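Q: Please take a close look at the strands of this model. I should like a connected account of how they pair and of what they contribute to the nonpolar core.

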Amino acid sequence: IGACAEVHSDTEAVAGKSFKLGCISCKMRGEVEATATVDWMFRARGEATFMHIYSYDGEASSIIDERFQDRMEWHGSRNTLDLQDASVDLLNVTFDDSGAYHCIFNRVLGYKHYEFSTIASKVVHLTVVGKAARSTASIMSEVMMYASIIGLQFWLLVEMIYCYRKIAAAGEEALRASAAEYLAIASESKDNCAGVQVAE
């Protein structure tokens, strides 16, 4: 059995797109056998009470509220009656889907001589927008990318100037050395020529 982590659901959906309503309730005692059923409730903005919209028992699902007919699909635990992930996909999101979603686990823990019932629940406050907003992390990563590109270009420019100056200085030194060597050879040749003339 894989590890269970209670990750919070996203809370912003885009109209016309699909959205996963996340709901995870981890069982505290992994060695205890259990079964669970899940019910989803919905309270639209401006409404006072939650309405039962969806249920799942580990084998079959039921969409109770006609507003969500053909628009809710199970996305949670599969091939088990011990449900811990009760996430559902909300298809073709509309602005009317904004509101609070209440996910309720009805879990029965099976001990050797008795059963114990527990209830766990999560609430997701969903906002539907017309267009996906960029996250702060996305904006910051883009800013950092451009800053690093500019920084690298500046560093490359400095390195190029440094290398050019070093090469130019080495070239001038080589020219001076060559000129000095040429003058030394010329001077030596001149002295040799003078010696030959005297000998004659």
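A: The account below follows the strand pairings first, then the core, and ends with a patch on the surface.

The model is a predicted one, and the residue positions cited here follow the numbering of the sequence as written.

Strand β3, which spans residues 33-44, is a suitable place to begin. Strand β3 pairs with strand β8 (residues 99-110) in the antiparallel sense, and 12 bridges join the two. Within this pairing, V38 lies opposite F105 of β8. Strand β3 also runs antiparallel to strand β4 (residues 51-56), to which it is joined by five bridges. Here F42 faces M51 of β4. The two strands β3 and β4 make up a hairpin, with six residues between them. In the turn of this hairpin, G46 adopts a positive phi of about 90 degrees.

A further set of strands forms an open sheet. Its three strands are arranged in the order β2-β7-β6, with antiparallel pairing. Strands β2 (19-21) and β6 (72-74) are the edges of this sheet, each pairing on one side only. On average, neighbouring strands of the sheet are turned by 30 degrees against each other when direction is ignored. Between β6 and strand β7 (residues 88-90), which are antiparallel, there are three bridges. One of the pairs can be named: E73 has D89 in β7 as its bridge partner.

The strands described so far return in the description of the core. The largest nonpolar core holds 26 residues, among which W40 and Y101 touch the most other members. Two or more residues of this core come from each of β2, β3, β4, β6, β7, β8 and β9 (115-129). Strand β3 provides the largest share, namely five residues. As a general background, nonpolar side chains in soluble globular proteins tend to be buried together.

The surface also carries nonpolar side chains. A nonpolar patch is formed there by L152, W155, L156 and M160, which together have about 470 Å² of accessible area. Of these residues, W155 belongs to helix α1 (residues 136-199). W155 counts as exposed because its relative accessibility is 53%, and the cut-off for that class is over 50%.

In summary, β3 pairs antiparallel with β8 and with β4, and β3 gives the largest share of the largest nonpolar core. The open sheet has the order β2-β7-β6, and these three strands are also among the elements that give two or more residues to that core.

Terms used: Residues numbered from 1 in each chain as written. Predicted model: local features only at pLDDT ≥ 70, side-chain atom pairs only at ≥ 80, totals over all residues. Heavy atoms only, no water. Pairing = 2+ DSSP bridges. Helix = DSSP H or I, 4+ residues; strand = E, 2+ residues; numbered from the N terminus. Axes fitted to C-alpha atoms, helices over the stretch in contact; angles between N-to-C directions. Patch = residues over 30% accessible without salt bridge, like charges linked within 9 Å, V, L, I, M, F, W, Y side chains within 5 Å. Areas by Shrake-Rupley, 256 points an atom, 1.4 Å probe, with all protein chains shown as cover. Salt bridge = Lys/Arg side-chain N within 4 Å of Asp/Glu carboxyl O. Buried < 20%, exposed > 50% of the residue type's maximum accessible area, 1.4 Å probe, protein only. Core = buried A, V, L, I, M, F, W, Y, C linked by side-chain atoms within 4.5 Å.
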